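Q: Please take one part of this structure and look at it closely, explaining each term as you go.

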Amino acid sequence: QRTMEISDQLPLIPGTAGHVITGSHDIFVPPSSSSLPGAESEFEVKSGHGSFHHPQAIAEIRRILALPPAR
């Protein structure tokens, strides 16, 4: 998709933390395009494209939200 091509070109804003949560069984997003250079963390769950519904992903999102603000 064109939107993904454009967003792939955008760097993280300095002082902004990036985190990646992926599904190991995602048939729509290949692992090669789910990375984020400079990400503070990468987390993979055994799930498909809707990995954000997985209990482990929800726990990871909660962990990230509880982190102190990025500096």
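A: Contact here means that heavy atoms lie within 4.5 Å of each other. The model is predicted, so local features need pLDDT of at least 70, side-chain atom pairs count only at pLDDT 80 or more, and totals for chains, interfaces and linings use all residues. Residues are numbered from 1 along each chain as its sequence is written, and side-chain values use heavy atoms, with hydrogens and water left out.

The part to follow is Thr22, which sits in strand 1, spanning residues 19-23 (strands are DSSP runs of E, at least two residues, and helices are runs of H or I, at least four, numbered from the N terminus). Thr22 counts as buried because its relative accessibility is 17%, and buried means under 20% relative accessible area with a 1.4 Å probe, protein chains only. When its neighbours within four places in sequence are left aside, Thr22 is in contact with Ser34, Phe43, Glu44, Val45 and Ser51.

Thr22 also belongs to the setting of the largest pocket, which holds about 570 Å³ of space (on a 1 Å grid over the protein atoms alone, a pocket is an open set of points with protein on both sides within 12 Å along at least five of seven lines, and lining residues have an atom within 4 Å of a point; the volume is the space filled by probe spheres set on the points). Of the 25 residues lining this pocket, Thr22 is among the closest to its centre, together with Val20, Ser33, Ser34 and Ser35. Helix 1 (2-9), strand 1 and strand 2 are the elements that each give two or more residues to the lining, and strand 1 supplies the largest share, four residues.

How values were computed
Buried means under 20% relative accessible area, exposed over 50%, partly exposed in between (1.4 Å probe, protein chains only). On a 1 Å grid over the protein atoms alone, a cavity is a set of points where a 1.4 Å probe fits but cannot get out, and a pocket is an open set with protein on both sides within 12 Å along at least five of seven lines; lining residues have an atom within 4 Å of a point.
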